[in-house]
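Colleague: Could you take one part of this chain and go through its surroundings closely? Please put it in the context of the whole chain and give the cut-offs as you go.

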Amino acid sequence: MIVTAKAKLIRFTENPESTIALASKLCYSSLGMDELIERIDGGDNAKFIKMLKTMNHLSPFEHASFTFSVEGVSRAFLAQVTRHRIASFSVRSQRYVGESDFNYIVPPAIADLGDSAKEEFVEQMRTVSQWYNAWQERLGGGERANEDARFVLPNACETKMILTMNARELMHFFSLRCCNRAQWEIRDVAWQMLSQVLEVAPDVFEGCGPTCLTGACSEGKKSCGKAALVRERYERLKECAKGE
């Protein structure tokens, strides 16, 4: 069955912005911890968070973490996202979970070629499924058979995962993966993730995204030249996050 990417924020550090502010102010305060916490929790930390980002003092942002469920993504996506090493991943196993009649992702460029091209791709996935099932049966079934039969499966095969990043790594992730030059699937997931963290920590993730959002494109001659459209998309995202 054809599936599409879905990222969902399922857990995050309680009061992420005050946690970041507390971690930073602790370094410079003579107050006791209880008094400092009381002041932080009772105040407005937006300006302080902005100052930290302006100063590039980002280590306090590592104290706030965000966990997402991600499904409807390909094994190709898995290879992309695990390049972000300051993150935690729990991925559905192809050894313990059989892949008979596996779900798969159709690349948009193939779908754009028309119905006949899309059906050709779907038929190829059916063929691969038959190959997998045949090898699984010949190998005797069970975990050991899954382990080797999976070698015929394509990158298009769906995987599911739980993904956790701290706020600092997410900021880095968005700067790379929300860019128009990022691979289409991970870019889609990155924008979904950004829209959701903006709802729960708007000051932390204010201005997060590709470099063209707040300045010059870092891609140089390889720039997509669509900075204005990227900025419009981000502004719409912020409005939705605010419920406007």
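Modeller: Of the chain's 244 residues, 41% count as buried, where buried means under 20% relative accessible area, exposed over 50%, and partly exposed in between, with a 1.4 Å probe and protein chains only. The model is predicted, and local features need pLDDT of at least 70, side-chain atom pairs count only at pLDDT 80 or more, and totals for chains, interfaces and linings use all residues. Residues are numbered from 1 along each chain as its sequence is written, and side-chain values use heavy atoms, with hydrogens and water left out.

The chain holds 10 helices and four strands, these being DSSP runs numbered from the N terminus (H or I of at least four residues for helices, E of at least two for strands). In order from the N terminus, the elements are β-α-α-α-β-α-β-α-α-α-β-α-α-α. A box of roughly 70 × 40 × 35 Å along the principal axes holds the C-alpha atoms. Contact means heavy atoms within 4.5 Å; among contacts between residues at least 6 apart in sequence, 76% join residues at least 24 apart.

The part I would pick is the start of helix 1, which spans residues 16-26 and includes Glu 17. Asn 15 sits in the loop between strand 1 (6-12) and helix 1. Its phi is near 50°, a positive value in a residue other than glycine. Most residues other than glycine have a negative phi. Asn 15 has 46% relative accessibility and so counts as partly exposed. Glu 17, by contrast, counts as buried because its relative accessibility is 17%.

What surrounds Glu 17? Not counting residues up to four places away in sequence, Glu 17 touches Asn 45, Ile 49, Ala 201, Pro 202, Asp 203 and Val 204. The Glu 17 side chain comes to 3.3 Å from the backbone nitrogen of Val 204, which fits the definition of a polar contact: N or O atoms within 3.5 Å, where within protein one must be able to donate a hydrogen and the other to accept it, and residues adjacent in sequence count only if both atoms are side-chain atoms. Between the C-alpha atoms of Glu 17 and Val 200 the distance is 9.2 Å, across 183 residues of sequence.

A second positive phi is found at Asn 56, near 60°. Asn 56 is in the loop between helix 3 (46-54) and strand 2 (65-74). With 56% relative accessibility, Asn 56 counts as exposed.

For another buried polar residue, take Asn 146 in helix 7 (residues 142-149). Asn 146 counts as buried because its relative accessibility is 5%. Its side chain makes a polar contact of 2.7 Å with the side chain of Gln 136. Beyond neighbours within four places in sequence, the contacts of Asn 146 include Gln 94, Arg 95, Tyr 96 and Tyr 132.

As for nonpolar cores, these are sets of buried Ala, Val, Leu, Ile, Met, Phe, Trp, Tyr and Cys residues joined through side-chain atoms within 4.5 Å. The largest has 49 residues, of which Phe 66, Leu 170, Phe 174, Leu 194 and Phe 205 touch the most other members. Helix 9 (residues 184-200) gives this core its largest share, eight residues. Another core of 12 residues lies apart from it, with Phe 102, Phe 121, Val 128 and Cys 157 among its members.
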